[in-house]
Amino acid sequence: NWAPSFYRVLMKNLFPPVTIAAFLCFGIIAIQLLWQKPEPRQVDERFYLVLAHDLYEFGVFTSATARGTGQSGEVPQPDNYIVPAYPALLAAIAVFDPEMRKQMRCAVGPIGDCMATIPLSLILIQAVLLAGATLFTFNAYRHLNPRPAFAYTALVCLLAVGLQARLATSILPDGLSLAAFMVLAGCLVTALRSKGAQSWLAVGAVIGLGALIRPSTFYLVFMMIPVVLFATRSVRGSIAMLIGFTIVLTPWILRNVLIVDSLSFTGSYGGITLAQRVAYNAMTPVEWGVALIYWLPDFGDSLAASLFPIEAYQRLDFSTQNGFYRIGNTALMAEALSRAGGPQGLTGVLIKDWILAHPLTHIATTIPIFLRGLWVAKYVGLAAILLLIPVVTGLWRQGRAKNFLILASPFFLMAGFHAGISINIPRYNYSLVIIYAALFAYAGFYIWDRVNRAPTSTAINQD
C-alpha cells in the first residue's frame, strides 16, 4: 500500500495545484492565440491609441485629440475624461516597442489602416497578465469545493470560453478589466476565509485598480459595503476595503484637483452613456416584452422577427434611425445638453429630469437591459443562467449557498449597475464568465455524482 501513497506525495511536491494550473493557463491561452482567427478591429481601439499617443508624446492624460477638440501635433489640454490605466499601459509599451509608436502616430493622422495588425508586445503582455490573473480565480475555485478536481474543472471551463486569448489581441481595456476582476475573485475568497482586515484592504485596492481601468467599477466598492457587512458581521472589513480603495485612487484624484481643477473621478463621459440608456425608458409595454426575446443571444432578433410585427422590435435595433440608441445619441442628448447648459451638467440633468422623475419606469426598463448584459459569449451565458437557479437552489438546501453568492455578488452587481446607467451590452460584463465557469463545474459534478450514485459535496472549504 506504500506505492499509491508515495505517488501522491511525489505528485503533490513536484506538481502542486498552482503549478498545474499555471501550465493549463499559459498553455491553453498560448494554443488559443496561435489558432484563433484575427477579429475585425473596432473603432474604439483607435481612440485608445490616440490617448496613449498624447501621453507618450506630451506626458499629458487627455482625450482632446481623440475627441477632436485638440489639434494633432499641438500639446493638448489635460482632462479627466478617460481613466488612465489602459492608456498608461499602451504608452509604457511604446517606450520600448517602435511598432506601438508607429501605430499610435498613425492613429492621430488621417484615417488609415493603422490597426491591420496589433503589436506583438501588447499581445504578449496582455496574455501574460490575463493568464496570471486567471490563477487568482483558480485559487477562488479551490475553496468553493473541497474536491481537488472541482477547481480544475472550473478552470478548464473558464479557459475554454476563450475570452483571455481574444481580449489579449484587442487594443481595448476589456482584457485588463477582466484581469482585475479575476484577481478580485481570488482576493475576495481569501478575505472570506481570513479573520484579519488586511485581506479586505486588498479587495478594496483591486476594486480601485479596476476603477482606473473601467470607471463604472468605481461604484462597486459602495455596492459591496452591505455584502461585506453581511459576510463579516463587522464594520472592520468594510472600513479596510474603503481604505484600500482610497489609497489606490488618491493619486488620480489629486492629479484631477491640481491639474484639471476638478474633484470628479472622470469627466462628462458618464453622461453620454446615461443618455443612451435613458432613451430606452420610452419603451412601450409591447417593446418591453419583445425585448426579452429580441436580445437573446445569437437567435433572439430572428426569433422576434418571426413572431412579431416589425413595429414591435424595430426601435430595439442599434442601427435603426428611429431606434432608442440613435435617439439617445441625438435628440435626447441634445435636449439634455440644452437643459444642462453644457456637458458638465449632463449627468445631473438626466438623473433629475429623466430617472428620478419616472423611477418605476427606469427600474422596469432596466430588467430586459440587465438580461441582455448576461449573455456573455452568447450560448455560454444563456446556458449558465439556466443553471443558476438549480445550482443555487441545491446549495441553499444544503445550507452552503452563502459563500458562493458572496463570491458572485460583485459580478452580478456590476451587471445590474451597467443596466441602470448604460446600454449594457455583454462586453461590459465579461467578468461574469468567472461565475459561469463555477456553475458549469457545479452542474458537472452533480451529474457525475448522480451517475455514480455518490453523495454530492458542494461546500466551501473552510479549512
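**Figure 1. Packing of helices α5 and α7 in the predicted model.** In this predicted model, the axes of helix α5 (residues 85-96) and helix α7 (residues 120-142) cross at roughly 130 degrees and come within 10 Å. This angle makes α5 oblique to α7. The crossing in which α5 passes α7 is right-handed. On the α5 side, the contact is made by Tyr86, Leu89, Leu90, Ile93 and Phe96, and α7 contributes Ser121, Leu122, Ile125 and Gln126. Divided by class, the residues of the contact of α5 with α7 are seven nonpolar, two polar and no charged.

**Figure 2. Packing of helices α12 and α13.** Helix α12 (residues 220-232) packs with helix α13 (residues 236-260) at an angle of about 155 degrees, and their axes are 9 Å apart. Angles over 145 degrees count as roughly antiparallel, and α12 and α13 are therefore roughly antiparallel to each other. Their crossing is right-handed. From α12, the residues making the contact are Val221, Phe222, Met224, Ile225, Val228 and Leu229; from α13, they are Gly237, Ser238, Met241, Leu242 and Phe245. The contact of α12 with α13 comprises nine nonpolar and two polar residues, with no charged residues.

**Figure 3. An aromatic cluster that includes Phe222 and Phe245.** One aromatic cluster is formed by Phe218, Tyr219, Phe222, Phe245, Phe265 and Phe417. Two of its members also take part in the helix contact of the preceding figure, Phe222 from α12 and Phe245 from α13. With ring centres required to lie within 6.5 Å, the count comes to 20 aromatic pairs.

**Figure 4. Charged side chains over aromatic rings.** Arg372 lies over the face of Trp295, at a distance of 3.9 Å from the ring centre. In a second arrangement, the ring of Phe230 has the charged end of Lys402 over it, 5.3 Å from its centre. Phe230 falls within the residue range of helix α12 (residues 220-232).

**Figure 5. Surroundings of Ala197.** Ala197 is placed in the loop between α10 (174-193) and α11 (198-213). Leaving aside residues up to four places away in sequence, Ala197 touches Arg236 and Ala240. Both of these partners lie in the range of helix α13 (residues 236-260). Ala197 and Ala127 are separated by 70 residues in sequence and by 32 Å in space, taken from C-alpha to C-alpha. Ala127 falls within the range of helix α7 (residues 120-142).

Definitions and conventions. Residues are numbered from 1 along each chain as its sequence is written. This is a predicted model: local features need pLDDT of at least 70, side-chain atom pairs count only at pLDDT 80 or more; totals for chains, interfaces and linings use all residues. Side-chain values use heavy atoms; hydrogens and water are left out. Axes are lines fitted to C-alpha atoms, for helices over the stretch in contact, and angles run from 0 to 180 degrees between N-to-C directions. Helices (H or I, at least four residues) and strands (E, at least two) are DSSP runs, numbered from the N terminus. Angles under 35 degrees count as roughly parallel, over 145 as roughly antiparallel, 65 to 115 as roughly perpendicular and the rest as oblique. A crossing is left-handed if the near helix is turned anticlockwise from the far one by less than a right angle, and right-handed if clockwise. Contact means heavy atoms within 4.5 Å. Ala, Val, Leu, Ile, Met, Phe, Trp, Tyr, Cys and Pro count as nonpolar, Asp, Glu, Lys and Arg as charged, and the others, Gly among them, as polar. Rings of Phe, Tyr and Trp (its six-membered ring) pair if their centres lie within 6.5 Å; planes under 30 degrees apart count as stacked, over 60 as edge-to-face and the rest as tilted. A charge sits over a ring if NZ of Lys or CZ of Arg is within 6 Å of the ring centre and within 35 degrees of the ring normal.
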